[in-house]
Amino acid sequence: MKYVEEYRDPVAAQQFADAIKRTVTRPWKLMEVFGGQTHSIVKYGIDELLPKEVELVHGPGCPVCVTPLELIDKALQIAAQSNVIFCSFGDMLRVPGSGGDLFSVKAAGGEVRIVYSPTDAVQIAIQHPDKQVVFFAVGFETTAPANAMSVFQAKQMGLKNYSVLVSHVLVPPAMEVILGSPDNHVQGFLAAGHVCTVMGYEEYVPIAKKYQVPIVVTGFEPLDLLQGIYMCVSQLEEGRYEVENQYARAVRKEGNLPAQQLVAKVFQVVHRKWRGIGEIAQSGLGLAPEFAEFDAETRFGVSGYTAEEDPECISGLVMQGAKKPEECTAYGKRCTPDHPLGAPMVSSEGACAAYYRYRRLRSDDLVNVGSKSGG
Amino acid sequence: MAEVKHFQLQCPAPLNDSEHVQLAHGGGGRRMHELLEGLLLPSFKNELLLERHDGATLNIAGARLAFTTDSYVVKPLFFPGGDIGTLAINGTVNDLAMCGARPLYLSSAFILEEGFPMESLRRVVESMRITAAEAKVQLVTGDTKVVDKGKGDGIFVNTAGIGVVEHSLTIAPTSVRVGDAILLSGDLGRHGVAIMAMREGLSFESTIESDCAPLWEPIAALLKAGIEIHCLRDLTRGGLSSGLIEIAETAQLRITIDEMVIPVREDVAGACEILGLDPLYLANEGRFIAIVPEHATASALEILNGHAVSSGAVRIGQVLEKPAGMVTMKSRLGTERILDMLSGEQLPRIC
């Protein structure tokens with residue numbers, strides 16, 4: 001497949017891996033911020049290509065993972081109502097709330113639909129004037145413009161039966177929480193390429209400077225990740241801490257300005273609770289006052305919910321890179337993708353699920369596997 | 001870790017923590033296996049059922065017969081490359097073929113919803129007639145029920161089939177041996193993407209057609225040539241990954257495959273990139289794997305490549321001993337990872 005295969009080329013991948021080996025002289029700990037990057041790293045076994053000095057820790061950038069429990073509960077509450085068509089991105093349907101998930105609401109008779117774009121949900125609202133159509137607007141800066149567009153269109157059309165349940169989160173405040181923690185071990189970041197296609201990367205410059213960490217805007221294909229790691233390790237070895245752009249084929253310094261303007265019009269920056277981490281100041285987006293009528297929490301009277309996490313789940317520590325999924329006592333036992341305790345086990349982007357799916361094989365099991373299977 | 005078991009045989013109810021049947025219970029993944037292991041297999045327990053094959057092989061009055069059934073509830077009813085009628089014939093014909101049986105006779109039962117257009121019913125029946133003729137099977141008995149409007153979804157079709165086993169091989173996961181080769185009959189994912197594209201209203205530069213086809217001919221040819229087939233599996237719900245995992249778990253052996261040699265058409269791969277799907281888990285309706293002794297690989301591939309439905313056949317991997325019950329894949333970067341069964345249907349990812 002053109003423009004994709006090139007970024008999965010095994011020969012070039014090995015060349016980058018060799019270059020990283022030649023460059024590194026001591027241990028470094030890097031964090032890939034985004035779940036999609038974690039997914040690629042584990043799927044392609046990229047960390048196995050790296051020298052032992054380079055350790056990757058998985059960051060908090062899984063939109064499914066960080067959506068707080070009570071918001072899932074609110075979604076379940078709204079979706080169960082008989083006059084509602086509840087629309088969501090696919091992988092939110094399996095995220096467990098306190099009592100079930102959206103799939104179980106669907107099985108019990110709720111109308112829950114998977115959509116690829118929030119503007120599809122607007123179309124559904126137009127087609128079903130007798131129903132309340134709610135879109136579950138989650139995600140980072142990447143999904144914010146399309147979600148904002150859906151609300152903007154609904155207002156322009158004067159739709160009275162469309163609303164959004166919002167839990168948008170922002171990357172830079174979460175990075176600052178990790179860097180500001182006294183236990184922080186992360187020495188360099190692979191910033192999330194898709195977030196930066198929208199936002200650009202100027203906002204990372206002060207973070208790199210303040211905490212003296214290199215930040216490399218990185219894509220999602222194997223060669224993107226290997227090159228991003230190479231650039232990050234090179235900076236660390238040379239004692240530099242700059243913002244660099246590996247993902248130049250998609251990311252411009254200033255980002256996508258019309259998208260940013262739309263987001264700034266429809267949303268405002270708010271305090272936001274992150275599942276497993278807690279509340280982070282100024283770390284999310286909520287509807288701006290001008291668009292408050294489209295807030296599903298108000299429309300359905302579900303604000304004020306609170307919910308407690310399973311005490312055994314260490315998803316917060318996993319998402320901050322302080323623990324690996326395998327260090328959790330519930331991992332693979334009480335907590336599996338079929339019966340997830342915490343959200344990182346639910347999404348294919350979640351660190352725990354990525355480990356579970358691709359990683360249960362220990363390297364010592366692979367001894368004597370025969371020449372054709374590699375390993 | 002190889003010792004992690006996902007499910008065990010339990011008494012019938014209650015079914016873990018699900019209070020209602022969910023779509024995932026029919027999705028071909030872990031949830032469906034829980035339903036089988038937790039309720040259906042223990043309830044109807046017998047030796048034939050516990051073989052867990054696509055159909056049962058029966059010894060009746062000196063003859064070996066294969067018997068199978070399947071229900072078809074696909075939406076949309078008509079899609080590029082086929083419709084619910086072609087699926088209903090080919091699906092059951094292929095289940096018989098996977099038992100190594102020559103398909104002979106089918107039954108068909110229709111559950112129709114009041115108000116379903118007669119023209120659509122005619123189209124479905126005509127498809128069934130043509131497909132049955134192609135597959136050389138006869139529809140010899142059937143049933144029709146009509147339910148109130150709103151109590152069905154247009155049309156559901158069930159077919160059952162009987163075939164005759166004309167060889168002495170035991171074609172089953174338990175016959176798989178260490179060192180066997182895994183042969184895949186062609187490219188993956190076309191049926192799954194064709195259906196998904198229709199449902200989502202997506203169109204691509206070229207229309208992606210379902211691979212729906214009867215599979216008996218190439219298997220008959222393998223048998224005729226004396227190839228010692230150890231196991232066959234058509235790659236319907238859950239795709240290649242689920243098929244291999246089921247075999248590895250039943251055989252208590254390890255299967256390893258090579259990502260680089262698995263054929264996926266470029267337009268299918270592109271659609272999967274856009275939709276966030278993995279072609280290894282997509283449904284096929286005209287693809288199967290044959291597990292044969294390594295020494296038979298070349299002659300088996302030559303035979304398969306001589307039939308249109310399996311002209312793209314390739315060797316994708318082999319059977320190893322340990323860790324038992326596991327499928328691993330060598331990625332294109334040369335690293336090794338586990339292929340796990342999905343919990344339910346694949347979910348499109350957020351971004």
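Two residues are in contact if their C-beta atoms, placed from the backbone, lie within 7 Å. The exercises below apply to a predicted model.

**Exercise 1.** Determine how many residues of domain 1 of chain A are in contact with domain 2 of chain A, and which elements supply them.

*Solution.* Begin with the division of chain A: domain 1 spans 1-315 and domain 2 spans 316-357. Their C-alpha centres lie 17 Å apart. Under the contact criterion, 31 residues of domain 1 of chain A meet 26 residues of domain 2 of chain A. Next, assign the domain 1 side to elements: α2 (35-44), β2 (54-61) and α4 (63-66) of chain A each supply at least two of its residues. The largest share, five residues, comes from α2(A). Finally, sort the residues on this side of domain 1 by character: 15 are nonpolar, nine polar and seven charged.

**Exercise 2.** Establish the strand order of the open five-stranded sheet in chain A, and explain why β2 and β9 stand at its edges.

*Solution.* The order is β2-β1-β7-β8-β9 of chain A, and the pairing is parallel. In chain A, β2 and β9 (243-245) each have a single partner strand, so one side of each lacks a neighbour in the sheet. From one strand to the next, the twist averages 25 degrees.

**Exercise 3.** Describe how β8(A) is joined to β9(A), and identify which strands α2(A) touches.

*Solution.* Strand β8 (residues 215-218) of chain A runs parallel to β9(A), with three bridges joining them. I215(A) stands opposite V243(A) in β9(A). Helix α2(A) packs on the sheet and touches β1 (28-34), β2, β7 (188-192) and β8 of chain A. The direction of α2(A) makes about 120 degrees with that of β1(A).

Conventions: Residues are numbered from 1 along each chain as its sequence is written. Chains are lettered from A and ligands numbered from 1 in the order in which they are written. This is a predicted model: local features need pLDDT of at least 70, side-chain atom pairs count only at pLDDT 80 or more; totals for chains, interfaces and linings use all residues. Domain bounds come from an automatic or database domain assignment. Helices (H or I, at least four residues) and strands (E, at least two) are DSSP runs, numbered from the N terminus. Ala, Val, Leu, Ile, Met, Phe, Trp, Tyr, Cys and Pro count as nonpolar, Asp, Glu, Lys and Arg as charged, and the others, Gly among them, as polar. Two strands pair if DSSP finds at least two bridges between them. Axes are lines fitted to C-alpha atoms, for helices over the stretch in contact, and angles run from 0 to 180 degrees between N-to-C directions.
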